[in-house]
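Dear colleague,

I am handing over the structure we spoke about, and you will find it just below. After it comes a summary of what was found, which I would ask you to read with the model open beside you.

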Amino acid sequence: MSLPNPADEGITFDTFMEGVWRQNPVFVMVLGMCPVMAVTVSAINGISMGIATTFVLTCSCFLVSLLRKLVPKEVRIATYIVIIATFVTLVDYLIQAGSLALYEALGAFIQLIVVNCIILGRAEAHASRNPPLKAVVNALGMGLGFTIGLFALGGTREILGAGKLFGISLFGEHFQPWVVMVLPPGGFFVLGGWLLLFALFRGKAAEGGHTHGA
Amino acid sequence: MSEPVIHKTTPANKMVLTMGLVATICGVLIVGAFEGTQAPIAENKRIMVERAVFKVLPGAATVREYAATATGIQPLTGAMPEGGVKFYAAYDQAGVLKGIAAEGAAKGYSDTVRVLYGYDVQCQCIIGMGVVSMRETPGIGDKIITDQAFLKNFEALDVRVNTEMTALANAVKTVKHGTKTNPWQIDAIAGATITSKAVGRGINESAQKLLPKLVPHIAELKP
């Protein structure tokens, strides 16, 4: 852990916005693509998955940060995984208690949050080097960025593939749904479109500054 | 990751202690969440079953779980008896038996399609079908819950038991779209034959197991 430590910088708006914009997990880092592709057949699924991941991310980053001085580096990954798996189990129970229909819709992808690389990545790269509050703020930003990404994909796929948004029909009877958009290939098409758009926005915002593919 | 050459290893007991501490914290959290959510989850499952049963047996107001075994039928409390088949008996407001609901499952296009069907005692036929869970292709296989012509198959699907009470008089069978001639056949959805067949197979397998055990004892269900 001899990398330059940004811990002293304190919490700024950037700590939060990092995950939403500069290092957005979906659009910039292209991390955790398994649930991104699989569950985003509707806007509500995307948002629910995003919230579940944010919960796991925030709680595990908090605990990892709290224990950061205690955990020996040799066993840190094992410890992080145990912590992440705990919060995934928690969120699993909570979703079942909240809505079984949603639980069925998200299926195995709730349990698979445990192997989502955003969470382990954040625990290792940020939470283990920063105080709890900062880790939580950063995790919330990352979670929000991930949720926005999932919603963008889920919303687009639901509109194109089913003619609906949040289950509400948008175009009336005569709309012929573009079914491929809710099938797996549609996930790639829509993701590609969004990556392109986001890269354009970022390119404009940075005014020819650094751009890098993920 | 290229770490500096000087390796300072942590003593094993510290590692074990840390992992032990973390595991304890996590264990407490999980047990807490499990205890806290057990009741709402059970309640949610009950509501889900009730809703599904009411959908396939319109007019029902209460549901009771039973198990049909080779020797008779009994209320299902706790574990399923050996060789038993689970079913739901649905009663209306006045306590009159509205019908029987049971679950069937068969492999569909992408995963198992689990269906719930409602059985009417008088006409000895299936009067409703709903999907419990499926992962069929949106827009194609999932038409089994929206296609009105397909759902019409389950308004009076013949599942009479033969006179020896060993099996159904006629096995429920899904036939190609537009070729249904008998009341025990299911007219498949054109373009979603595999999913339609899964529904037919699921119902047939379940009804073949359940109804021969249930029909001779059906009077016991009437209050």
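Two strands are said to pair if DSSP finds at least two bridges between them. Please keep in mind throughout that this is a predicted model.

With that term in hand, the sheet in chain B can be described. Strand 5 (residues 112-120) and strand 6 (residues 125-133) of chain B run antiparallel and are joined by seven bridges, and within this pairing B:Leu116 has B:Gly130 in strand 6 of chain B as its bridge partner. The two strands form a hairpin with four residues between them, and in the turn B:Gln124 has a positive phi of about 50°. On strand 6 of chain B there is also a pairing with strand 7 of chain B, again antiparallel, through two bridges, where B:Ile126 stands opposite B:Leu157.

Most residues other than glycine have a negative phi, and two further residues deserve a look on that account. A:Val30, in the loop between helix 1 (13-22) and helix 2 (33-39) of chain A, has a positive phi near 50°; this residue is partly exposed, because 15 other C-beta atoms lie within 10 Å. B:Met165, in the loop between strand 7 (157-158) and strand 8 (173-175) of chain B, has a positive phi of about 60°, and it counts as exposed because it has 12 C-beta neighbours inside 10 Å.

Turning to the interior, the largest nonpolar core has 51 residues, and among those with the most contacts inside it are A:Val56, A:Val64, A:Ile83 and A:Phe87. Several helices of chain A give two or more residues to this core, including helix 3 (43-66) and helix 8 (184-206), and so does helix 1 (12-56) of chain B; the largest share, eleven residues, comes from helix 7 of chain A. Leaving aside residues up to four places away in sequence, A:Val64 touches A:Tyr80, A:Ile83, A:Ala123, A:Ala127 and A:Ser128. Apart from this core lies another, of 43 residues, among them B:Phe54, B:Tyr66, B:Val85 and B:Ala198.

Finally, there is the interface, in which 25 residues of chain A are in contact with 23 residues of chain B. On the side of chain A that touches chain B, helix 4 (76-98) and helix 5 (100-106) of chain A each supply at least two residues, with helix 4 of chain A giving the most, eleven residues. The residues of that side divide into 18 nonpolar, five polar and two charged.

With best wishes

Methods. Residues are numbered from 1 along each chain as its sequence is written. Chains are lettered from A and ligands numbered from 1 in the order in which they are written. This is a predicted model: local features need pLDDT of at least 70, side-chain atom pairs count only at pLDDT 80 or more; totals for chains, interfaces and linings use all residues. Two residues are in contact if their C-beta atoms, placed from the backbone, lie within 7 Å. Ala, Val, Leu, Ile, Met, Phe, Trp, Tyr, Cys and Pro count as nonpolar, Asp, Glu, Lys and Arg as charged, and the others, Gly among them, as polar. A residue is buried if 20 or more other C-beta atoms lie within 10 Å of its own, exposed if 12 or fewer, and partly exposed in between; C-beta atoms are placed from the backbone. A nonpolar core is a set of buried Ala, Val, Leu, Ile, Met, Phe, Trp, Tyr and Cys residues joined through C-beta atoms within 7 Å.
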